[in-house]
Amino acid sequence: MSASLLEVSDLTVDFGAVPAVRGVDLAVRRGETLGIVGESGSGKSVTALAVLGLLPRAAAVGGSVRLDGRELVGLPDKELARIRGSRIAMVFQDPLSAFTPVYRIGDQIVEALRIHRPQGRAAARRRAAELLDLVGIPAPERALDSFPHEFSGGMRQRAMIAMAIANDPDILLADEPTTALDVTIQAQVLDVLRTAQRETGAALVLVSHDLGVIAGMADRVAVMYAGRVVETAPVDELFARPRHPYTLGLIGAVPRLDGRGGPLVPIPGTPPAPGTVTGCPFAARCPLVEDRCRTAEPALTGDDGHLAACVRAGELAARAPRPEEVYPVPPVPPAGRPGEEILRVTGLVKTFPVLKGTVFKRRVGTVHAVDGVDLAIRRGETLGLVGESGSGKSTTLYELLALTRPEAGRIDLLGRDTAGLDRAGTRELRRAVQIVFQDPMASLDPRMPVGDIIAEPLRAQAAPRAQIDRRIPQLLRQVGLEPAHASRYPHQFSGGQRQRISIARALAVEPELLVLDEPVSALDVSIQAGVLNLLQRLKAELGLAYLFVSHDLSVIRHLADRVSVMYLGHTVEAGTVESVFESPRHPYTRALLSAVPLPDPVAERARTRILLAGDPPSPRERPSGCPFRARCQVHALLDDARRARCEQEVPLPQAAAPGVDHLAACHYPDA
Amino acid sequence: MTAVLDTAPAEPKSPAAPGRGRLVLTRLLAARGATAGAVIVLLLFLLAFAGPYLTPWDYATPNYTAIRQPPSAEHWFGTNGIGQDVFAQTVRGLQKSLVIGLLVALLSTLLAGLVGACAGYFGGWADRALMFLVDLLLIFPSFLIIAIVSPKLKGAGWLAFVLLLALFNWMITARVVRSMTLSLREREFVRAARYMGVAPFRIILRHILPNVSSFLIIDATVTVGGAVMSETALSYFGFGVRPPDVSLGTLLAAGTDQAPVFPWLFYFAAGLLVLFVLAINLIGDGLRDALDPTSDRSTP
Ligand code: SF4
Ligand code: SF4
């Protein structure tokens with residue numbers, strides 16, 4: 001491996017006494033893509049920043065980072081800054097932080113160009129426009145004069161890539177470049193990254209927590225855990241025959257869009273606190289742990305480019321077990337048959353006024369956040385509500401939970417119309433419908449002990465004390481916690497445990513419908529798997545119905561019985577999970593499904609991707625006809641006569657065949 | 001952040017988990033500073049109310065045979081310009097100042113917390129009405145009003161005076177509490193409580209106030225000292241505590257000029273006042289830490 005462009009060896013980073021990176025070795029060759037994957041706290045981003053010399057002064061960096069044989073660690077800031085702009089370029093998660101908000105995008109790219117290669121303004125501007133064109137920004141000349149905030153998230157990310165490749169870098173370092181983006185935008189941006197890499201011939205180092213993204217992009221992968229690389233291999237090799245139990249667990253923990261399987265493989269426990277490990281850092285969570293694992297930290301060894309830091313790597317390599325053969329998989333009792341309908345929403349509408357002016361507020365427009373949504377859930381059933389940001393799925397939820405008369409349409413909960421509820425009815429529905437929020441830190445009062453938190457809905461229902469005291473330990477056990485945890489405070493728990501507390505609170509009053517608002521999207525995959533399994537078990541045991549809102553289609557596929565896809569405030573497709581995921585009818589659903597990356601490099605390469613044009617329009621504009629028209633890939637190929645119909649007539653949800661539970665709101669669903 | 005280990009000892013049959021009240025109390029008792037503060041305040045009260053019985057002298061009666069005597073076995077803290085016993089005066093003054101300081105702080109903090117939280121939580125017209133009241137009271141020259149009103153309250157005594165002081169002391173705190181509430185109201189745990197059907201006032205009591213308590217407690221401890229001082233200022237101008245009655249404030253005001261020559265006229269009262277404020281601060285710090293679970297020192 002002499003041809004390494006970038007060679008990192010024994011890199012260490014300490015923040016005070018806390019080690020964040022503990023001896024990382026990486027090598028990147030010209031033109032290749034190295035994926036670094038790991039969960040939060042694994043040290044993957046710190047490693048990337050250390051390579052760039054971008055860590056704060058408080059961090060002590062040791063080891064060596066060589067670019068073409070030149071040592072970067074310990075170089076003066078000025079030298080480093082030169083190298084950063086011209087030879088190594090960075091794409092961050094949050095593109096807003098890379099642009100100065102008060103300067104035009106064009107000026108910033110021109111400046112980046114001229115610092116490293118002195119040239120005339122006009123020439124630099126021309127080059128900048130070319131770059132924006134390359135990353136697929138429409139009307140690049142005009143875009144040069146925009147300010148960063150005028151761009152959408154996806155556009156900013158493209159502009160940042162344009163700036164990054166402005167000086168033909170040798171290495172492009174992308175740290176979670178698509179984490180904040182919707183999946184259709186993520187697919188666009190990843191595509192742009194590939195283009196950028198092809199055009200510049202640069203090596204790409206892609207840091208991500210998403211195995212799917214890594215599988216689709218990387219040539220080689222390094223898996224990080226607790227500040228070290230625990231396994232590194234060519235991408236196919238890694239996914240097909242992982243040699244480290246952690247990698248194996250990660251692969252088993254990710255719900256997949258294509259396979260509808262049994263329970264996911266949860267990795268028990270949480271990563272160790274930094275600085276507390278002796279021996280293998282994964283030992284506390286590893287199902288294959290032996291006594292010798294705890295004595296010394298295993299070295300990263302192996303043959304033909306497949307290295308793993310595990311004493312039993314050879315065994316795993318020889319046996320190539322499936323994740324569920326190594327990890328104990330909790331049995332999930334089969335769910336019962338769905339019962340009667342408990343929620344029906346028809347034609348729900350919610351608008352917000354757009355106001356302008358400070359003293360005298362004028363209404364200058366209307367946001368049609370929810371513009372005709374239909375939902376139905378039966379007892380014991382999970383309905384997945386899918387949509388990208390701005391699709392109105394959260395607004396739909398909050399309209400539901402408000403328990404008042406909706407602006408238009410009708411909500412029937414447990415056979416009662418929410419428009420005409422009396423006090424007793426409201427109270428009963430407040431019991432019957434409970435919610436679990438996305439961020440378990442924000443949804444638990446930091447100043448309340450867990451016991452009081454869980455007791456809150458019971459107290460709100462005026463339950464007798466004795467019953468409350470009986471219920472709390474029972475609930476804690478039900479969600480996999482200890483009764484003794486009742487006297488602790490939320491901050492003493494890890495993210496996954498906090499989400500379990502949230503679930504326990506929601507279950508306290510024996511609800512019939514649980515509304516789950518992105519309940520696992522703040523969690524790492526290995527933790528997420530445990531929570532998803534818990535939800536599945538609870539549903540089967542208690543006969544609950546779930547309204548599960550998520551942007552993550554793989555999670556929906558894994559958990560839901562039926563699914564409803566929203567776009568721009570409309571329900572565009574609904575049906576059973578099998579029918580919608582296997583034969584999507586609406587063009588949007590098809591594009592959405594094809595944009596989700598699969599954690600399987602072979603399958604990922606074989607797929608054809610439908611890339612949608614542009615961003616979702618702002619809900620302030622209400623296009624005539626079909627709301628999806630501006631981005632619709634089918635519409636673009638239609639002849640004029642049929643196009644006109646999309647432009648003039650709002651498509652209504654139509655069943656695939658009479659009596660089939662599969663609706664799509666498109667005039668040409670099967671084109 | 002300390003994650004709870006999964007290997008926490010399992011209790012087969014746990015008794016009812018202690019609620020927040022019990023937990024806070026346990027943490028408070030475990031905090032040494034707070035206990036020390038509480039003991040000091042108790043001792044001060046003991047001194048203030050038992051003190052008069054320990055000495056044969058009356059705080060008001062002059063004794064022209066013993067003028068400006070330094071502390072002695074007979075007059076423990078010495079005597080003043082007209083021969084009154086300084087010890088008797090100090091404990092009498094302490095009585096007044098303890099009660100005034102604590103009551104004013106308690107009342108004004110309670111009022112500020114409630115008004116601020118209600119205005120912030122309910123918004124709309126309730127907010128507008130309450131904030132109008134706050135602004136109105138803020139622009140009133142409070143000192144003048146107290147000066148005008150207090151002669152009329154002669155009969156009502158110092159309790160009315162406490163009320164007056166409290167009434168003009170809560171507005172700025174209330175404004176701060178309101179703006180803190182505005183952001184708390186949108187937090188998910190408050191929204192969660194609303195969706196569970198928890199009544200608004202319960203949300204304020206159980207979620208909003210505990211989450212602004214750190215600020216309220218700091219504010220209250222400052223107010224204790226402040227109230228004693230503003231009582232002094234008012235008394236200096238002849239309102240509030242009027243001679244022959246005394247408070248620590250009036251004693252200090254009278255003793256300041258003479259401190260270099262007759263130190264006993266000043267330093268005993270000053271020392272007690274400092275001790276009092278110090279003890280309150282200790283209690284406040286302890287209470288704040290006890291209410292804030294993330295300030296972990298007291299949990300094992
Ligand atoms: S070294 Fe031991 S504990 Fe560590 S991953 Fe391998 S088998 Fe598990
Ligand atoms: S109605 Fe027309 S524009 Fe809308 S999704 Fe169908 S084909 Fe596309």
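**Chain B, its contact with chain A, and selected sites in chain A**

Over residues 29-54 of chain B, the chain is 96% helix and 0% strand, with the C-alpha atoms at the two ends 32 Å apart. The model described here is predicted. A second segment, residues 98-122 of chain B, is 100% helix and 0% strand, and its end C-alpha atoms are 36 Å apart. Both segments appear in an unreviewed UniProt entry, which lists residues 29-54, 98-122, 129-150, 156-177, 215-241 and 261-283 of chain B under "transmembrane region".

The secondary structure of chain B as a whole consists of eleven helices and zero strands. Read from the N terminus, the order of elements is therefore α-α-α-α-α-α-α-α-α-α-α. Chain B has 300 residues, of which 48% are buried. When contacts in chain B between residues at least 6 apart in sequence are considered, 70% of them join residues at least 24 apart. Helix 10 of chain B, residues 248-255, is largely enclosed by the rest of the structure, because six of its eight residues are buried. The buried residues of this helix are Leu248(B), Gly249(B), Thr250(B), Leu251(B), Leu252(B) and Gly255(B).

Chain B is in contact with chain A through 42 residues of chain B and 41 residues of chain A. The size of an interface is often expressed as the accessible area lost when the parts come together. Between chain B and chain A, about 3,700 Å² is buried, and 54% of this area is on carbon and sulfur atoms. Two salt bridges are counted between the two chains. In one salt bridge, the side chain of Arg447(A) meets that of Asp292(B), with an N to O distance of 3.6 Å. This distance satisfies the criterion for a salt bridge because the limit is 4 Å. Across the interface of chain B and chain A, eleven residue pairs are in polar contact, with both residues at pLDDT 80 or more. On the side of chain B that touches chain A, helix 1 (20-30), helix 8 (188-196) and helix 9 (200-236) of chain B each supply at least two residues. Helix 8 of chain B gives the most to this side, with eight residues. By class, the side of chain B that touches chain A comprises 21 nonpolar, nine polar and twelve charged residues.

Two residues of chain A were examined for their backbone angles. Most residues other than glycine have a negative phi. Asp168(A), although not a glycine, has a positive phi of about 50 degrees. Asp168(A) is located in the loop between helix 6 (153-164) and strand 7 (171-175) of chain A. With a relative accessible area of 38%, Asp168(A) is partly exposed. Leu403(A) is likewise not a glycine and has a positive phi of about 55 degrees. The loop that holds Leu403(A) runs between helix 13 (393-402) and strand 16 (408-413) of chain A. Leu403(A) counts as buried because its relative accessibility is 7%, under the cut-off of 20%.

A further site in chain A is Ala591(A), which is found in helix 21, residues 587-595. Ala591(A) has 0% relative accessibility and so counts as buried. Leaving aside residues up to four places away in sequence, Ala591(A) touches Ile610(A), Leu612(A) and Gln633(A). Ile610(A) is 19 residues from Ala591(A) along the chain, and the C-alpha atoms of these two residues are separated by 5.2 Å.

Methods. Residues numbered from 1 in each chain as written. Chains lettered and ligands numbered in written order. Heavy atoms only, no water. Contact = heavy atoms within 4.5 Å. Buried area = accessible area lost by both parts, 1.4 Å probe. Polar contact = N/O pair within 3.5 Å; in protein donor to acceptor, adjacent residues only side chain to side chain. Helix = DSSP H or I, 4+ residues; strand = E, 2+ residues; numbered from the N terminus. Nonpolar A, V, L, I, M, F, W, Y, C, P; charged D, E, K, R; others polar. UniProt positions renumbered as here; feature names shortened; annotations may be inferred. Buried < 20%, exposed > 50% of the residue type's maximum accessible area, 1.4 Å probe, protein only.
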